[in-house]
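Here's a quick tour for anyone opening this structure for the first time. Have a look at it first, then read on for the main points.

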Amino acid sequence: METAQLQWPMALPVRRQHCPRGDSPIPVPCDPTFLNATHASLQVVQNHKSTRSSRLTVTVLNGTDGKRVPLVLKSTDTIGKLQKSFLLKHPDLTGSLNLAYNGKPVQGHQSLGELGVKNGATFITFQRCRGG
């Protein structure tokens, strides 16, 4: 499957946006993809100067027994890889491994760089209670 890459800057078509006060319409550049859209969502992307992956030493604090497990990962590694590395060193934990960073739960698809993880950061394991 081929994915199309948009090349920026590219010329966007212009449509006239009507002003609420009755002023004359102003030209607004718009992507033709959104002309008939009713909803859209945007994701903020930060361009980092370095696209290289840097090595990080992070610690996983097991919230159950208080043990700390140091792990060496790359900034491009995902939380899923961190979980797998942790479970290799701590195979006694079964079920789903929930991790929090900076007091917020993290998802398995997020990368360490995306989360802004710095060298020496600590992740904490936590349990989810099933309710009804």
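Asn-98 sits in strand S5, which covers residues 98-101. This is a predicted model, so treat everything below as computed from it. Asn-98 counts as buried, because its relative accessibility of 16% falls under the 20% cut-off.

**Around strand S5**
- Which residues does Asn-98 touch, leaving aside its neighbours within four places in sequence? They are Ile-124, Thr-125, Phe-126, Gln-127 and Arg-128.
- Strand S7 spans residues 122-126, and Ile-124, one of the contacts of Asn-98, turns up again further down as a bridge partner in S7.
- Asn-102 is found in the loop that links S5 to strand S6 (104-105).
- Asn-102 isn't a glycine, yet its phi is positive, at about 55°.
- Is Asn-102 buried or exposed? With a relative accessibility of 63%, Asn-102 counts as exposed.

**The big picture**
- The protein has 2 helices and 7 strands.
- Going along the sequence, they come in the order β-β-β-β-α-β-β-α-β.
- Of the 132 residues in the protein, 24% are buried.
- Take the contacts with a separation of 6 or more: 42% of them are between residues 24 or more positions apart.
- The accessible surface adds up to about 10800 Å², and carbon and sulfur atoms hold 53% of that.

**Strand S3 and its partners**
- Strand S3 runs from residue 55 to 61 and is mostly covered, with 5 of its 7 residues buried.
- S3 pairs with strand S4 (residues 68-74) through 7 bridges, and the two run antiparallel.
- Within that pairing, Val-58 has Leu-71 of S4 as its bridge partner.
- S3 and S4 form a hairpin with 6 residues between the strands, and there Gly-66 takes a positive phi near 80°.
- S3 also pairs with S7 (residues 122-126), this time through 3 bridges and in a parallel direction.
- For Leu-61, the bridge partner in S7 is Ile-124.

**Helix H1**
- Which residues of helix H1 (residues 79-89) are buried? Ile-79, Gly-80, Leu-82, Gln-83 and Phe-86 are.
- These buried residues are on the same side of H1, because they cover an arc of only 160° around the axis.
- What do the buried residues of H1 pack against? Their partners are S3, S4, S5, helix H2 (112-115) and S7.
- On the face of H1 turned away from the buried side, you'll find the exposed residues Lys-84 and Leu-88.

**A salt bridge**
- Side chains with opposite charges can pair up when their charged atoms come close.
- How many salt bridges are there in the count? The count comes to 1.
- Lys-81 makes a salt bridge with Asp-77, and their closest N and O atoms are 3.8 Å apart.
- That pair qualifies because the cut-off for a salt bridge is within 4 Å.
- Lys-81 is partly exposed, with a relative accessible area of 40%, whereas Asp-77 counts as buried at 9% relative accessibility.

Terms used: Residues numbered from 1 in each chain as written. Predicted model: local features only at pLDDT ≥ 70, side-chain atom pairs only at ≥ 80, totals over all residues. Heavy atoms only, no water. Salt bridge = Lys/Arg side-chain N within 4 Å of Asp/Glu carboxyl O. Buried < 20%, exposed > 50% of the residue type's maximum accessible area, 1.4 Å probe, protein only. Helix = DSSP H or I, 4+ residues; strand = E, 2+ residues; numbered from the N terminus. Contact = heavy atoms within 4.5 Å. Areas by Shrake-Rupley, 256 points an atom, 1.4 Å probe, with all protein chains shown as cover. Pairing = 2+ DSSP bridges. Arc of directions from axis to C-beta.
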